Amino acid sequence: MAKIDLEYCKIISNILLNGVEYVDKNRDVVRRQIPYYTFRHEFETGGFPAITMKELYWKGVIGELIWFLQGNTNARWLSDRGIHIWDKDALNYYNRLTGRELTMDQFNQDSMRHSVGRNYSFQYRRFNGQVDQIKKLVEGMIENIMSTYLIVTAWNPSDLDDTALAPCHYGYQIIGVPLDNGEFGFELHWKQRSVDGFLGMSFNIASYGLLALILEALTGYKAVAIQGDLKCVHLYENQIEAATEMLKRNPNQFDACQVSVPIYLSSPNETLDWKLDRLSIEDFTVSGYKSHEKMKVEMLAHKK
């Protein structure tokens, strides 16, 4: 079985049973929410943390993470590859900046309009316009994996008005751990201020699992576990029925899968920029992934 499914079902059940309902003013819909949840997943016993209760959107998980790591702030890069998860936010951002009210069709006629501002990509590679946090992280891990300075943050208060969407998962820390064989590995712990339990959470878990494997390849240190410190974990009213139906599925039906990252990430003769700039969706391999069928629910964007 895929152990991540048991944890995922536990979180969804918690929201359905114990969540408090209120109106989300940003989206003008009712949502049901619990204040926090912390979970942990270990690679050795759980494999890759890809849920099987519903089909995972692999192309989106891989593509968006590449987009972040390459410092790309134009959502057209994603939509050109069939990934449309940032389209509505990019449109709303453009209309907010210009005072216009373009439709999606009008918006899509010009690829230069698709900036999402100073989002994750910008903060990861150009924090305050100058700090490459990914480079500092990789170099810091290689220099001293037990350092407590191995932190990346996407939350920059001075840029919150200059982005299409304030970061939901706003920072992560690499924590070095001594292994039984005398070597060292690491855990990746991330923090999230707001969690869409049905659409976003499974996506975020897989994304940070993949990031851990990428950092493993870049530094040579073994990825041991990921841990999420989740706040304001919720389901929107248009997700309640689907979430309830999902819990009727068998969480033990499918085994965990394995994910392979590009071999060139481990090359000692290439620069970090060369490795990250070369990344493409097709370079990642997913083996043994089987799941229950897809559950389609509309992704809600901010109204403004």
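Select Thr73 to begin with, and show the residues around it: leaving out positions up to four places away in sequence, Thr73 touches Trp67, His114, Ser115, Val116, Gly117, Asn119, Ser121, Phe122 and Arg126. The model on your screen is a predicted one, and the tour should be read with that in mind. Thr73 sits in the loop between H3 and helix H4 (76-79), and it counts as buried because its relative accessible area is 18%, where the cut-off for buried is under 20%.

From that loop, step back to helix H3 (residues 58-69) and display it together with H9; the two pack with their axes 9 Å apart, at an angle of about 55°. H3 and H9 are therefore oblique to each other, and their crossing is right-handed. To see which side chains are involved, select Gly60, Val61, Ile62, Glu64, Leu65 and Leu69 on the H3 side, and Phe203, Ala206, Ser207, Leu210, Leu211 and Ile214 on the H9 side. Colouring this contact of H3 with H9 by residue class gives nine nonpolar residues, two polar and one charged.

Keep helix H9 (residues 200-219) in view and add helix H8 (residues 133-143), whose axis comes within 10 Å of that of H9 and crosses it at roughly 60°. That angle makes H8 oblique to H9, and here too you are looking at a crossing that is right-handed. Which residues make the contact between H8 and H9? On H8, pick Leu137, Val138, Met141 and Ile142, and on H9, pick Leu215, Leu218 and Thr219. By class, this contact of H8 with H9 holds six nonpolar residues and one polar residue, with no charged residues.

Next, select Gln192, which is placed in strand E5 (residues 184-192). Is Gln192 buried or exposed? Its relative accessibility is 2%, so Gln192 counts as buried. Now add Asn204 as sticks, and a polar contact of 2.7 Å can be drawn between the side chains of Gln192 and Asn204. If you widen the selection, while leaving aside neighbours within four places in sequence, Gln192 is in contact with Cys168, His169, Tyr170, Asn204, Asp229, Leu230 and Lys231.

Move on to Arg96, in helix H5 (residues 87-98), which at 43% relative accessibility counts as partly exposed. Apart from neighbours within four places in sequence, Arg96 is in contact with Asp161, Thr163 and Ala164. What does the side chain of Arg96 reach at 3.0 Å? Zoom in, and you will find the backbone oxygen of Thr163 at that distance. A line from C-alpha to C-alpha between Arg96 and Ala164 spans 9.1 Å, although the two residues are 68 residues apart in sequence.

The last stops concern backbone angles in two loops. Select Asp28, in the loop between strand E1 (20-24) and strand E2 (29-42), and check its phi, which is near 60°, a positive value in a residue other than glycine. Asp28 is exposed, with a relative accessible area of 58%. Then go to Asn128, in the loop between helix H7 (120-126) and H8, where phi is again positive, at about 55°, although the residue is not a glycine. Asn128 is partly exposed, with a relative accessible area of 43%.

Notes:
Residues numbered from 1 in each chain as written. Predicted model: local features only at pLDDT ≥ 70, side-chain atom pairs only at ≥ 80, totals over all residues. Heavy atoms only, no water. Axes fitted to C-alpha atoms, helices over the stretch in contact; angles between N-to-C directions. Helix = DSSP H or I, 4+ residues; strand = E, 2+ residues; numbered from the N terminus. Parallel < 35°, antiparallel > 145°, perpendicular 65-115°, else oblique. Left-handed = near helix turned anticlockwise from the far one by under 90°. Contact = heavy atoms within 4.5 Å. Nonpolar A, V, L, I, M, F, W, Y, C, P; charged D, E, K, R; others polar. Buried < 20%, exposed > 50% of the residue type's maximum accessible area, 1.4 Å probe, protein only. Polar contact = N/O pair within 3.5 Å; in protein donor to acceptor, adjacent residues only side chain to side chain.
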